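Dear colleague,

Please find below the structure that I am handing over to you. My notes on what was found in it follow directly after.

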Amino acid sequence: MIIDDIRNMLFELQDEKYREMQVKIIPNVDKDSIIGVRTPELRKMAKQYVKNDDVETFLGALPHKYFDENQLHAFIVSEMKDYNSCMERTEQFLPYINNWATCDQMSPKIFKKNRADLLKHIKRWIKSKETYTIRFGIGMLMEHFLNEDFDISYPELVAKVRSEEYYVNMMIAWYFATALAKQYDSVIPYIEQERLDVWTHNKAIQKSVESYRITPEQKDYLKTFKKRQ
């Protein structure tokens with residue numbers, strides 16, 4: 001069975017030192033579910049299995065038992081060539097994502113060629129009540145709609161998100177820091193007008209100041225908007 005084959009291969013590729021590091025940086029995942037397979041190995045597996053007719057059996061076997069199976073799942077979905085199938089599998093998998101690593105590393109290549117339809121899904125994901133569905137939606141908006149397809153209504157979508165979840169607020173901050181680097185004039189009013197909650201506002205400024213894509217003058221200006229918590 002493909003599920004057993006995949007699990008056996010994951011354990012063969014286990015790296016104990018890497019596993020120890022993952023346990024530390026992904027604290028909200030059960031440490032016993034982490035096998036410890038390095039990302040390049042998972043990506044290599046994904047490229048092989050996405051061509052396998054039986055991969056649908058693995059993709060449909062949710063929830064997975066191991067973190068590394070979720071990672072492999074995310075990378076397989078990211079390699080899918082048919083947009084409709086890819087989106088169907090993305091929608092199916094999102095409710096099972098339970099950590100920032102799987103969320104952030106799932107980035108389907110085919111989305112780039114289907115931005116109009118993707119945007120409809122993003123708008124719905126951002127309004128979800130699920131932490132990692134929101135985070136994924138904001139991440140996709142950041143990845144695909146901050147360059148030639150940018151519209152001022154997009155940061156507005158993100159600014160309206162209010163959450164008590166650390167991993168949502170960190171992604172909001174990351175979005176605005178990246179938006180400031182790419183669309184500074186359009187996005188700076190969100191900082192000037194203090195449109196974000198205090199923690200996220202300060203974190204967005206911090207990440208912007210740490211960025212090499214922000215000019216020294218812009219950094220100095222951003223620092224003047226740092227708020228006390």
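Ile 25 counts as partly exposed in this predicted model, its relative accessibility being 39%. The residue belongs to helix H2, which covers residues 16–25. Although Ile 25 and Trp 100 are 75 residues apart along the chain, their C-alpha atoms are separated by 9.8 Å.

Aromatic contacts

Ten aromatic pairs are present in the structure. One of them joins Tyr 83 and Phe 111, whose ring centres are 6.0 Å apart. The planes of these two rings stand at 70°, so the pair is classed as edge-to-face, the cut-off for that class being over 60 degrees. Tyr 83 lies in helix H6, while Phe 111 lies in the loop between helix H7 (100–105) and helix H8 (115–126), so the contact ties together parts that are 28 residues apart in sequence. Tyr 83 is buried, with a relative accessibility of 9%, and Phe 111 is likewise buried, at 0%. Elsewhere, one aromatic cluster is formed by Tyr 132, Tyr 166, Tyr 167 and Trp 199.

Salt bridges

The structure contains eleven salt bridges. Three of these, and one network, are described here.

Within helix H3 (residues 39–49), Lys 44 and Glu 41 are three residues apart, which means that about one helical turn separates them. Their side chains form a salt bridge with an N to O distance of 4.0 Å. Both partners are partly exposed: Lys 44 has a relative accessibility of 48%, and Glu 41 has a relative accessible area of 29%.

A second salt bridge is formed by Asp 104 and Arg 135, with the closest N and O atoms 2.6 Å apart. This pair links distant parts of the chain, as Asp 104 is in helix H7 and Arg 135 is in helix H9 (residues 131–144), 31 residues apart. Is each partner buried or exposed? Asp 104 is partly exposed, with a relative accessible area of 25%, whereas Arg 135 is buried at 5%. The cut-off behind this distinction is 20% relative accessible area, under which a residue counts as buried.

The side chains of Lys 227 and Glu 194 also meet in a salt bridge, at 3.3 Å from N to O. Here too the pair links distant parts of the chain, 33 residues apart. Lys 227 is in the segment after helix H14 (216–223), and Glu 194 is in the loop between helix H12 (184–192) and helix H13 (198–209). Lys 227 is partly exposed, with a relative accessible area of 24%, and Glu 194 is partly exposed at 40% relative accessibility. In addition, Arg 115, Glu 148 and Asp 149 are joined into one network by salt bridges that share partners.

Surface charge

Which residues gather in the patch of positive charge on the surface? They are Arg 43, Lys 47, Lys 51, Lys 81, Lys 112 and Lys 113. Among them, Lys 81 is located in the loop between helix H5 (67–79) and helix H6 (83–93). Lys 81 counts as exposed because its relative accessible area is 69%, the cut-off for exposed residues being over 50%.

With kind regards

Terms used
Residues numbered from 1 in each chain as written. Predicted model: local features only at pLDDT ≥ 70, side-chain atom pairs only at ≥ 80, totals over all residues. Heavy atoms only, no water. Patch = residues over 30% accessible without salt bridge, like charges linked within 9 Å, V, L, I, M, F, W, Y side chains within 5 Å. Areas by Shrake-Rupley, 256 points an atom, 1.4 Å probe, with all protein chains shown as cover. Lys, Arg positive; Asp, Glu negative; His and termini not counted. Charge placed at Lys NZ, Arg CZ, Asp CG, Glu CD. Helix = DSSP H or I, 4+ residues; strand = E, 2+ residues; numbered from the N terminus. Buried < 20%, exposed > 50% of the residue type's maximum accessible area, 1.4 Å probe, protein only. Phe/Tyr/Trp six-rings, centres within 6.5 Å; stacked < 30°, edge-to-face > 60°.
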